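Student: Hi! Could you take a close look at a single part of this model with me, and then show me what surrounds it? I'm new to this, so please explain the terms as you go.

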Amino acid sequence: MIERDEINSLMKKVWKSVLPDCPGEMNKDDNFFSLGGSDYCAVRAVTALENDLDFPLPPELIFNNPIFYQTCNAVASLINSQKSSLPESGMSIKEGKEYD
């Protein structure tokens, strides 16, 4: 099982990598689209999350959950809803990913 802190850290890294106006410190109430996110940026972010988590996510994830804490909660809910199909060793974030 992946910890919520890991999801938050990963989400910050991904948002900072794809958002042109992302602040140095992020707030739980930050809105993806208010920070300069576009449709293209949202798809890039979801793809990056999928790659790091090695877990499929719906393309509309950020469109339906544009607030930072909503996106984190949605990812955690999706992962938890599939926990019975995860390997016993659980899930971990892939290290060393960089995003353009």
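Tutor: Happy to! Helices (H or I, at least four residues) and strands (E, at least two) are DSSP runs, numbered from the N terminus. With that rule, the protein chain has 4 helices and 0 strands, in the order α-α-α-α from the N terminus on. What you see is a predicted model, in which local features need pLDDT of at least 70 and side-chain atom pairs count only at pLDDT 80 or more, while totals for chains, interfaces and linings use all residues. Residues are numbered from 1 along each chain as its sequence is written, and side-chain values use heavy atoms, with hydrogens and water left out.

Let's zoom in on the aromatic rings. Rings of Phe, Tyr and Trp (its six-membered ring) pair if their centres lie within 6.5 Å; planes under 30 degrees apart count as stacked, over 60 as edge-to-face and the rest as tilted. This rule gives 4 aromatic pairs. One of them joins Trp-15 and Phe-32: the ring centres are 5.1 Å apart and the planes are at 75 degrees, so this pair is edge-to-face. Trp-15 belongs to helix 1 (residues 4-18), whereas Phe-32 lies in the loop between helix 1 and helix 2 (39-53), so the pair ties together parts that are 17 residues apart in sequence.

Are these two residues buried or exposed? Buried means under 20% relative accessible area, exposed over 50%, and partly exposed in between (1.4 Å probe, protein chains only). Trp-15 has 0% relative accessibility and so counts as buried. Phe-32, also at 0%, is buried for that reason too.

Trp-15 also forms an edge-to-face pair with Phe-68, with 5.2 Å from centre to centre and 90 degrees between the planes. This pair links distant parts of the chain, since Trp-15 is in helix 1 and Phe-68 is in helix 4 (residues 68-81), 53 residues apart. Phe-68 is buried, just as Trp-15 is. Together, Trp-15, Phe-32, Phe-33, Phe-63 and Phe-68 form one aromatic cluster.

Now look at the helices around Trp-15. Here we need axes, which are lines fitted to C-alpha atoms, for helices over the stretch in contact; angles run from 0 to 180 degrees between N-to-C directions. Helix 1 packs on helix 4 at an angle of about 125 degrees, and their axes are 10 Å apart. Angles under 35 degrees count as roughly parallel, over 145 as roughly antiparallel, 65 to 115 as roughly perpendicular and the rest as oblique, and helix 1 and helix 4 are therefore oblique to each other. Their crossing is right-handed (the near helix is turned clockwise from the far one by less than a right angle; anticlockwise would be left-handed). Contact means heavy atoms within 4.5 Å, and by that rule Trp-15 is among the helix 1 residues, including Ile-7 and Met-11, that meet a set in helix 4 including Phe-68, Cys-72 and Val-75.

Helix 1 has another partner: helix 2 packs with helix 1 at an angle of about 140 degrees, their axes 9 Å apart. This crossing is right-handed as well. The contact involves residues including Leu-10, Val-14 and Val-18 of helix 1 and, among others, Cys-41, Ala-45 and Leu-49 of helix 2.

Cys-41 brings us back to the rings. This residue of helix 2 is buried because its relative accessibility is 10%. The C-alpha atoms of Cys-41 and Trp-15 are separated by 8.8 Å, although the two are 26 residues apart along the chain. Leaving out residues up to four places away in sequence, Cys-41 touches Val-18 and Phe-32.

Asp-39, also in helix 2, is exposed because its relative accessible area is 53%. Asp-39 and the cluster member Phe-63 are 24 residues apart in sequence and 8.1 Å apart in space, C-alpha to C-alpha.

One more place to look is the loop between helix 1 and helix 2, where you find Asp-29. With a relative accessible area of 45%, Asp-29 is partly exposed. Asp-29 touches Ile-67 and Tyr-69, not counting residues up to four places away in sequence, and its C-alpha atom is 5.7 Å from that of Ile-67, 38 residues apart along the chain.

Finally, the whole chain: buried residues make up 40% of its 100 residues. Among contacts with a separation of 6 or more, 60% come from residues 24 or more positions apart.
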